[in-house]
Amino acid sequence: MLTAKLLADRRGLIFLAILAAAAILVPALNLLTPEGSALHVPTYAMSLMGKYLTYAILALALDLVWGYCGILSLGHGAFFALGGYAMGMYLMRQIGPRGVYGNPVLPDFMVFLNWKELPWYWYGFDWFPFAALMVVAVPGLIAFIFGWFAFRSRVTGVYLSIITQALTYALLLAFFRNDMGFGGNNGLTDFKDILGFNIQSDATRAGLFALTALTLAAAYLIARSVVMSKAGKVLLAVRDAESRVRFLGYRADNYKLFVFTLSAMMAGIAGALYVPQIGIINPSEFAPGNSIEVVIWTAVGGRGTLVGPAIGAILVNFAKTTFTTGALAPYWLFALGGLFVLVTLFLPKGIVGTASDYLARRRAAGAKPEPVAAPTPDPAE
Amino acid sequence: MTSVVTPQEPAHLTSSLLYLDDVSVSFDGFRAINKLSLSIQPGEMRAIIGPNGAGKSTMMDIITGKTKPDTGDVLFEGTTDLTRLDEAAIAHLGIGRKFQKPTVFENQTVEDNIHLALKSDRTVLKNLFWGISADEQAKIDKILVTIRLAADRDRLAGDLSHGQKQWLEIGMLLAQDPKLLLVDEPAAGMTDAETIETAKLLKEIARDHSVIVVEHDMTFIRDLGVKVTVLHEGSVLAEGPLDVVSADERVIEVYLGR
Ligand SMILES: Nc1ncnc2c1ncn2[C@@H]1O[C@H](COP(=O)(O)OP(=O)(O)O)[C@@H](O)[C@H]1O
Ligand SMILES: [Mg+2]
């Protein structure tokens, strides 16, 4: 039943196939071809693509709450950053005595602040399994507590969006403080290795890229199995007519809490994959604007389609890189804002939503429609 | 009717499926429900009529936990105090509701709408699985036939006609298998043929459920042929068979005199 339904998801299968191919090909073309070759993928390009893929995971996570449950979170960047910090703390502990000050336990910034011992909340982060657990547990717990209060007091719509912005802004201010013990303004950087592998080496970069592509595939499969379950239908129902769902006897708050927490955990994993490929995590990742950008990627790709937001994240960030490295750099934010306005006005279902509508119209009528996540009929799957 | 001070009648009280006593609620000083008392027996179908703004929908809001009354008792099955429960808990007790404005899940198929409503475990974890049991499928099929939508099962609910949406919502009510169905203006916006069909449908349903129907349409009420309660300015104006009630001078005044 499950496999049969997954196989019926053509769009998803193509997406997964592309990710699997990328996970193999890109590292192979980086490692196995000589530098001058036309087929060679330079390491910086591979890490850049790896970064886009972490953003794609983040957008997919946002789609789960926004596209399928109508919760417009403007704070998902915070969960991404928290996952990133958890990974960054692990990487800091791996530096050991190789820091500038040569302290075997304390990261350089703590020595610089004249701290004598490691704060308790840094304990355990030298052990990878613990750090990996924290990558999902910290964003998950914060999302759970936040959601518990917000959903139970029935905060919805714009008010909810605003308090998610407040959440990420509060974390931004907190992480800026030196006495918080997370490296203040500079954040965590100068990483040396991960699980014993040199973090700068091509092979490690290739491994991280492949892992990111596979994680995106796994995130897709998890999200897809949630939205295809009966609980997924309840989520859609909450999005479209929340009070009706309550009168049917479902605790809408619990469904929201579940999907919000799951989504925050996914965002945390995305952040954890981002940090070793970028080499730094600092408080700017909590900037409210970052979270808003995620919403734009999702809208551009097509909310409520899972694949769309991932594609949107990759395309918009590719455009951003191209834009901001050229003479047009100062105009990027205008371009991004303009893009959002245009998509909202002319492609309200985003790239993938619009494309699948078009395909559906061309296909013979009478096919059985699937429950649609996009606001109007979308029987394309 | 309302002026009578209700003496405590324990036997009567415990035998009622639903019992409202001296219920009042105000919105910004305006009394939408004013010392309303009402009791519904198990298995009964009751029609509630009354001019616009009489408080019919608000009464349903109170029963289903959407609105909390300022004063008064609302008891279900003689003992359960509904004023202390939220919407989901009241739905669990077995009270289902059809809204005045049809609210179905427009982006999902007719069949999925019924599936969502079907009486089952409502927790998140139990619903993370795919698929549907043969037993559930059989129930869904039966309901689709009852509500005359078997041929439309794969259509999106949003594509149905207004009347069909009303039926779908009644079907969702049936799927919940409640002890008491609250049906708010089921015939509103329907063609005459649809209205007659709806009355038939409700009579079918009333064979094994208790039902409260709110309606304006007098021919519809006549078709139902059940005891009628007339609501006016938030309280009961008259109660009895339609013929008796519609001969009541106060009722005539309320309906015609303004
Ligand atoms: N939530 C509310 N806030 C303010 N006024 C309300 C609210 N709900 C109902 N009312 C008022 O209460 C009165 C009764 O409304 P309602 O129960 O909808 O009447 P009916 O269903 O009998 O037509 C109306 O005057 C309406 O404006
Ligand atoms: Mg009404």
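Chain B has 10 helices and 10 strands, and keep in mind as you look around that this is a predicted model. How compact is chain B for its length? Its radius of gyration is 19 Å, close to the 18 Å that the globule rule gives for 258 residues, so chain B is as compact as a globular protein of that length. If you drew a box along the principal axes, the C-alpha atoms of chain B would fill roughly 55 × 40 × 35 Å. Inside, 47% of the 258 residues count as buried. The chain also folds back on itself a good deal: take the contacts in chain B with a separation of 6 or more, and 66% of them come from residues 24 or more positions apart.

Now for the sheets. Strands of a sheet pair through backbone hydrogen bonds, either parallel or antiparallel. Chain B lets you see both kinds of pairing, so to speak, in two open sheets.

Start with the sheet of six strands, which is open and runs in the order β6-β7-β8-β3-β9-β10 of chain B, with mixed pairing. At its edges sit β6 (95-98) and β10 (235-240) of chain B, each of which pairs on one side only. Go from strand to neighbouring strand in this sheet and you find a turn of 20° on average, direction ignored.

A good strand to stop at is β7 of chain B, residues 180-184. On one flank, β7(B) is joined to β6(B) by four bridges, and the two run parallel. Here B:G96 stands opposite B:L181 of β7(B). On the other flank comes β8 (residues 210-214) of chain B, which pairs with β7(B) over five bridges, again in the parallel sense. Two of the partnerships are easy to pick out: B:L180 has B:S210 as its bridge partner in β8(B), and B:V183 has B:V213.

Is β7(B) covered or open to the outside? It is mostly covered, with five of its five residues buried. That goes for both faces: B:L180, B:L182 and B:D184 are buried on one side, and B:L181 and B:V183 are buried on the other.

Part of what packs on this sheet is helix α2(B), which touches β3 (45-49), β6, β7, β8 and β9 (227-232) of chain B. The direction of α2(B) makes about 150° with that of β7(B).

Helix α2(B) also leads you to the other sheet. Covering residues 56-63, α2(B) lies across β1, β2 and β4 (71-76) of chain B, and runs at about 65° to β2(B). The sheet in question is an open one of four strands, in the order β2-β1-β4-β5 of chain B, and its pairing is antiparallel. Its edges are β2 (30-40) and β5 (80-81) of chain B; each has a single partner strand, so one side of each is left without a neighbour in the sheet. For β2(B), the strand alongside is β1 (residues 18-27) of chain B, joined to it by seven antiparallel bridges. Among the residues involved, B:V23 has B:L36 of β2(B) as its bridge partner.

Next, look at where the two chains meet. The contact takes 25 residues from chain B and 30 residues from chain A. On the chain B side, α3 (87-93) and α4 (110-117) each supply at least two residues, and α3(B) gives the most, with four. By class, that side of chain B has 10 nonpolar, nine polar and six charged residues.

Over in chain A, two helices are worth a visit. The axes of α11 (residues 288-301) and α12 (residues 307-324) of chain A come within 7 Å and cross at roughly 115°, and the crossing is right-handed. From α11(A), the residues A:I296, A:W297, A:T298, A:V300 and A:G301 take part, and they meet a set in α12(A) that includes A:P309, A:I311, A:L315 and A:V316. The residues of this contact divide into nine nonpolar, four polar and no charged.

Finally, a couple of backbone oddities in chain A. A:N114 has phi near 70°, a positive value in a residue other than glycine. You'll find A:N114 in the loop between α5 (108-112) and α6 (128-152) of chain A, and with 6 C-beta neighbours inside 10 Å it counts as exposed. A:D190 is not a glycine either, yet it has a positive phi of about 65°. A:D190 lies in the loop between β1 (188-189) and β2 (193-194) of chain A, and is partly exposed, with 16 other C-beta atoms within 10 Å.

Definitions and conventions
Residues are numbered from 1 along each chain as its sequence is written. Chains are lettered from A and ligands numbered from 1 in the order in which they are written. This is a predicted model: local features need pLDDT of at least 70, side-chain atom pairs count only at pLDDT 80 or more; totals for chains, interfaces and linings use all residues. Axes are lines fitted to C-alpha atoms, for helices over the stretch in contact, and angles run from 0 to 180 degrees between N-to-C directions. A crossing is left-handed if the near helix is turned anticlockwise from the far one by less than a right angle, and right-handed if clockwise. Two residues are in contact if their C-beta atoms, placed from the backbone, lie within 7 Å. Ala, Val, Leu, Ile, Met, Phe, Trp, Tyr, Cys and Pro count as nonpolar, Asp, Glu, Lys and Arg as charged, and the others, Gly among them, as polar. Two strands pair if DSSP finds at least two bridges between them. The radius of gyration is taken over C-alpha atoms; the globule rule is 2.2 Å times the number of residues to the power 0.38. A residue is buried if 20 or more other C-beta atoms lie within 10 Å of its own, exposed if 12 or fewer, and partly exposed in between; C-beta atoms are placed from the backbone.
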